[in-house]
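Subject: Structure handover and notes

Dear colleague,

I am passing on the structure we spoke about, together with my notes on what turned up when I went through it. Please read the notes with the structure open beside them.

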Amino acid sequence: MKKIALALLSAGLMMSAAAQAGPEEDRKQLIDFYKSKLPTVKFDDMIYGALALDKDSKSQYDSIMEFPPFETVVDAGKQMWEKPFKNGKTFASCFPNGGKNVAGNYPIFDDKSNKVVTFEMAINQCLRDNGEEEFKLGTVNTMGILTAYARTLSDGMKMNVKVQGDGALAAYELGKRHYFQRRGQLNFACATCHVDNVGNRVRAEVISPALGQATHWPVFRAGENLVTLQTRFRQCNSQVRAVPFDFGSEEYNNLEYYMSYRDNGLPLKASVFRK
Amino acid sequence: MAEPMKIRAQMQGDTADIKVLMNHIMETGLRKDAKTGQMIPAHFIQQVNVTVGGKVVLDAQWGYAVAKNPFLGFKVKGAKAGDKVVVNWVDNKGDKRTDEAAIS
Amino acid sequence: MNQLRRTFLKGTGAAGTVALAIAAGLLKPGQVLAAEWNKNAFEAKTPADAMKGIGAAGAAKSADIMIKAPDIAENGAVVPVEVTSKIPGTTEIAILSEQNVNPLIAEFTLSNGAEGYVSTRIKMAKTSNVTVVVKAGGKTYMASKEVKVTIGGCGG
């Protein structure tokens, strides 16, 4: 039974490459898959991941999110966001709407440079454009804390990633390939757990569905340790004993692009508690 | 003074529902510094005192096992909107903090 | 012996000492003294010794103490615990995690309208009974709930 799901989706993968069924069909297929696999979980609640599958966990999340212990870290991010550059401008000047309700548009595909641009890369572009030094993508104290606030400006925004044109489609397909490709000593694909084994347990952990995985970053593990989506990619790769890629690598940017497109329609919620 | 705490105080009927989020590392003293191999000294809030409208409503003693960035929720019957909530804490190193908020 | 010391010595082991001192006009509200932290109870290594240290030895089991805590903690570093005491005249609530190196976690003294209710987040070393002690009308009561603390799998 478990193998069937992966086989179906892999077949879908091959079909879509041949017949160019496309990202929107992929997304709908995945939504249908989880509608039948997890019939009690409402679409919008997919952003809670494994928490949507376990009342005891969700209850702890709700309790902690009422007044999160990491609130001061988000406040520090707010100070970073609002602090003017040497030239007097701020991050808000680089984004439409002052940065409000923009994070759900990312990643975007930049046809000119022919690559995926993540929200973090856009922030670095903003720094460069204003004569400031850019941040290292994986560093918690700079990009991590800044995005812990900046992403909350888009809380509630429905994910709205666009895949248009050949370059974008190619990047999307590469991201999808990563998700379904076995790797590492344990020889697991992301899909092995999050599609085939959704709702089952790995030791004491309930496995989260693939849908919704790109909507809720960064997380604060134990309510204090800031983890971004690409940090999580590195951890997941390491956990199946595969060599992780770098922050901001094409591999991870394409993966993030694919996963974010697939979450279109789900409401983003940044800076949340996880175990 | 140490880092500020956040106080939320709201009337619910005739009872004030008060929530406090303190900013404190609550170091247990049981952890070892990975780099130096030395034990990290305990550093945690030991006493908490809350007054509402000038009267002591809660007086607490804590050990190191209250979670980092402590959360405290309690309810006071008979409090009124506008009453001042004053929260004090003192830690084992003698650091202290006082913050206040009015019940809304 | 000065009145302040006498009051403290009388109140040894009780978290209400400061409240007493304020009531006796010896302390202004907002003035908190670090001297009287109940070291004995907080450094006790067994639940029995910790209970003794807070004057709760022989506390009677009570069904009127509600403990809202998870069945399985997401992370032992931050376990939400909410205590509601339905026992009339509740003046004190204490929280212990029996398997912690030092079981006593917190002791709350309530007065002047504060209800028999506290909500906080605790650190648990491992699967354990979370025990709550309530003092009301000069008597002590207790209740427990088991909270499991596990090693994760892939998430945390």
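Across all its chains, the structure, which is a predicted model, holds 20 aromatic pairs. One of them is formed by A:Tyr172 and A:Tyr258, whose rings meet edge-to-face, with 5.3 Å from centre to centre and 65° between the planes. This pair links distant parts of the chain, since A:Tyr172 belongs to helix α7 (residues 166-180) of chain A and A:Tyr258 to helix α10 (residues 250-262) of chain A, 86 residues apart. Both partners are covered: A:Tyr172 is buried, with a relative accessible area of 0%, and A:Tyr258 is buried with a value of 3%.

A stacked pair is found in chain C, where the rings of C:Trp37 and C:Phe42 have their centres 4.9 Å apart and an angle of 5° between their planes. With a cut-off of under 20% relative accessible area for buried residues, C:Trp37 counts as buried because its relative accessibility is 13%, and C:Phe42 counts as buried because its relative accessibility is 3%.

Back in chain A, one aromatic cluster is made up of A:Trp81, A:Phe85, A:Phe91, A:Phe95, A:Tyr106 and A:Phe119. Aromatic rings in this chain also lie beneath charged side chains: the charged end of A:Arg234 sits over the ring of A:Phe247, 4.9 Å from the centre of that ring, and A:Arg262 lies over the face of A:Tyr179, at 4.1 Å from the ring centre.

A:Phe247 comes up again in a comparison of positions along the chain, as its C-alpha atom is separated by 9.5 Å from that of A:Thr139, although the two residues are 108 residues apart in sequence. A:Thr139 itself is found in the loop between α5 and α6 of chain A, and this residue is partly exposed, with a relative accessible area of 31%.

Turning to internal space, a search of the whole structure finds four cavities of 30 Å³ or more, and the largest cavity holds about 180 Å³ of space. Which residues lie nearest the centre of the largest cavity? Of the 17 residues that line the largest cavity, those are A:Glu120, A:Leu137, A:Thr228, A:Gln230 and A:Glu256. Two or more lining residues of the largest cavity come from each of α5 (119-129), α6 (140-150), α9 (229-239) and α10 of chain A, and α6(A) gives the most, with three residues. By class, the lining of the largest cavity divides into seven nonpolar, seven polar and three charged residues.

Because α6(A) gives the most to that lining, I looked at this helix in its own right. It is mostly covered, in that eight of the 11 residues of α6(A) are buried, namely A:Met143, A:Gly144, A:Ile145, A:Leu146, A:Thr147, A:Ala148, A:Tyr149 and A:Ala150. The elements that cover the buried residues of α6(A) include α4 (71-82), α5, β5 (219-221) and β6 (225-227) of chain A.One further residue of chain A deserves a note, namely A:His216, which has its place in the loop between β4 (205-206) and β5 of chain A. At 8% relative accessibility, A:His216 counts as buried, and, leaving aside residues up to four places away in sequence, A:His216 touches A:Ile47, A:Lys269, A:Val272 and A:Arg274.

As for open space, the second largest pocket contains about 580 Å³. Its lining consists of 29 residues, and those nearest the centre of the second largest pocket are A:Glu224, B:Thr28, B:Arg31, C:Ala77 and C:Lys123. The lining of the second largest pocket has 13 nonpolar, nine polar and seven charged residues.

Finally, chain C has four helices and eight strands, and along the sequence these follow the pattern α-α-α-α-β-β-β-β-β-β-β-β. Of the 156 residues in chain C, 51% are buried. Among contacts in chain C between residues at least 6 apart in sequence, 58% join residues at least 24 apart.

With best wishes

Technical notes. Residues numbered from 1 in each chain as written. Chains lettered and ligands numbered in written order. Predicted model: local features only at pLDDT ≥ 70, side-chain atom pairs only at ≥ 80, totals over all residues. Heavy atoms only, no water. Phe/Tyr/Trp six-rings, centres within 6.5 Å; stacked < 30°, edge-to-face > 60°. Buried < 20%, exposed > 50% of the residue type's maximum accessible area, 1.4 Å probe, protein only. Lys NZ or Arg CZ within 6 Å of the ring centre and 35° of its normal. 1 Å grid on protein atoms, 1.4 Å probe; cavity = no way out; pocket = protein on both sides within 12 Å on 5 of 7 lines; lining within 4 Å. Points joined across faces, edges and corners; volume = space filled by probe spheres on them. Nonpolar A, V, L, I, M, F, W, Y, C, P; charged D, E, K, R; others polar. Contact = heavy atoms within 4.5 Å.
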